[in-house]
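Trainee: Please give me a close look at one part of this model: the pairing of charged side chains. What is paired with what, and where do the partners sit?

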Amino acid sequence: NNQLFKGRTTQFFEGGDDSPQSPYSPWNASKTRYVIRKMVDESVDWQKQDYAASQWVGFRLSEIYLNYMEACAALGEDGEALTYLNKLRSQKAGMPPVNASGAALMDKIRQERRIELCFEGHRYFDIRRWGTAEVGSKDALGVIITKQADGTFTYQSATVQKRTWLPALYFYPIPRTELQ
């Protein structure tokens, strides 16, 4: 809220131009009031530029490294997993090296995936694959932003979606035609 984006100040507060009460496009507003700028090129004008001219990264080298690390750690090849984990951490953000093994190493790799691949659509499938989907089943939280008369804002946490996780959701359904 109240940040410059594409030459204008964002308005996620109640009744603002980017809120669910917006007079312009409330159907497209963020329910949580959180939005991302990751991989967003502000120079692209979607009103004028052909969508085909814009590139979307489908598979990044970081993801390949993370997949490889996870496989190595699962096979007990901790040294190889650590090599790539520390390579990724030092190249991307100058982070200090990790020195872990076994379950602690797998936890570090999972945390690295959570951070590196944030907002890229991997988390749901990762936590299902790891059998830890219960952590993602808590209610979705957002924030209600209210603009005060003096121009300041107040922020209040709010549940925007109730969620329920059942163990059966770890599995994809079998098509009825196959059951028959």
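Mentor: Glu14 is partly exposed, with a relative accessible area of 32% (buried is under 20%, exposed over 50%, partly exposed in between, for a 1.4 Å probe and protein chains only). The model is predicted, so local features need pLDDT of at least 70 and side-chain atom pairs 80 or more, while totals for chains, interfaces and linings use all residues. Numbering starts at 1 along each chain as its sequence is written, and side-chain values use heavy atoms, without hydrogens or water.

The partner of Glu14 is Arg33, and their side chains form a salt bridge at 2.3 Å, N to O (a Lys or Arg side-chain nitrogen within 4 Å of an Asp or Glu carboxyl oxygen). Both residues lie in the loop between β2 (8–9) and α1, and because they are 19 residues apart in sequence, the pair ties those parts of the chain together (helices, H or I of at least four residues, and strands, E of at least two, are DSSP runs numbered from the N terminus). Unlike partly exposed Glu14, Arg33 counts as buried, at 8% relative accessibility.

A second salt bridge joins the side chains of Arg89 and Glu112, at 3.0 Å from N to O. This pair links distant parts of the chain, with Arg89 in helix α2 and Glu112 in helix α3 (residues 102–116), 23 residues apart. Arg89 is buried, with a relative accessible area of 14%, and Glu112 is buried too, at 11%.

Helix α3 also supplies a partner to the next pair: Arg113 forms a salt bridge with Asp126, with the closest N and O atoms 3.0 Å apart. The two residues are 13 apart, Arg113 in helix α3 and Asp126 in helix α4, and again the pair links distant parts of the chain. Helix α4 covers residues 123–130. Arg113 is buried at 3% relative accessibility, and Asp126 is buried at 4%.

Beyond these pairs, there is a network of salt bridges that links Lys38, Arg60, Glu116 and Glu120. The structure holds twelve salt bridges in total, including the Glu14 to Arg33 contact, the Arg89 to Glu112 contact and the Arg113 to Asp126 contact. Taking the partners by burial, Arg33, Arg89, Glu112, Arg113 and Asp126 are buried, whereas Glu14 is partly exposed.
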